Amino acid sequence: VADANSVDQPIEKLEVSISQTGQYFINGREVVMESPSQFANTLKQIAGDNADPVIIISADSQAAHQSVIHTMEAARLAGYGRITFTTQKE
């Protein structure tokens, strides 16, 4: 009997959240940003078989601007061109 949890569903979107203190989360799971190339590999690993997921970047208003730039660069290095932004509520 197949378990619904055992069937891999393609990841349609990767929600990258960046906290005020520079912590990164992908779909709610904390991840480390060592470099854009390393983060690109993490994005690809989480996306699995999806060759072009939507990348949703949500950064705290107090997060460093460079952290958003690094995230965009990582998405580019991973080959993902569909990037959008959301705002975090205060």
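Which residues are exposed on the other side of H2? I will come to that after the buried side. Keep in mind that this is a predicted model.

Helix H2 covers 65-78. It has 14 residues, and from its first C-alpha to its last it reaches 20 Å, close to the 20 Å expected at 1.5 Å a residue.

Now the buried residues. In H2 these are Ser67, Val68, Thr71, Ala74, Ala75 and Ala78. Looking down the helix axis, you find them within an arc of 120 degrees, so the buried residues line one face of H2. As for what they pack against, the list is strand S1 (13-18), strand S2 (24-26), helix H1 (36-47), strand S4 (54-59) and S5.

Back to the opening question. On the other side of H2, the exposed residues are His65 and Arg76.

Just after the helix comes Gly79, with a positive phi of about 90 degrees.

Next, the surface. Ile69, Met72, Ile83 and Phe85 make a nonpolar patch of about 310 Å². Two elements, H2 and strand S5 (83-87), each supply at least two residues of this patch. S5 therefore appears twice in this talk: the buried residues of H2 pack against S5, and S5 also supplies residues of the nonpolar patch.

One residue of the patch deserves a separate word. Phe85 is found in strand S5. Is Phe85 buried or exposed? Neither label applies: Phe85 has a relative accessible area of 48%, which makes this residue partly exposed, because exposed means over 50% and buried means under 20%.

That is H2, its buried face and the patch.

Conventions. Residues are numbered from 1 along each chain as its sequence is written. This is a predicted model: local features need pLDDT of at least 70, side-chain atom pairs count only at pLDDT 80 or more; totals for chains, interfaces and linings use all residues. Side-chain values use heavy atoms; hydrogens and water are left out. Patches are made of residues with over 30% relative accessible area and no salt bridge: like charges are joined within 9 Å, nonpolar side chains (Val, Leu, Ile, Met, Phe, Trp, Tyr) within 5 Å. Accessible areas come from the Shrake-Rupley method with a 1.4 Å probe; for residues, only the protein chains shown count as cover. A salt bridge is a side-chain nitrogen of Lys or Arg within 4 Å of a carboxyl oxygen of Asp or Glu. Helices (H or I, at least four residues) and strands (E, at least two) are DSSP runs, numbered from the N terminus. Buried means under 20% relative accessible area, exposed over 50%, partly exposed in between (1.4 Å probe, protein chains only). The expected span of a helix is 1.5 Å times one less than its number of residues. The arc is that of the directions from the helix axis to the C-beta atoms. Contact means heavy atoms within 4.5 Å.
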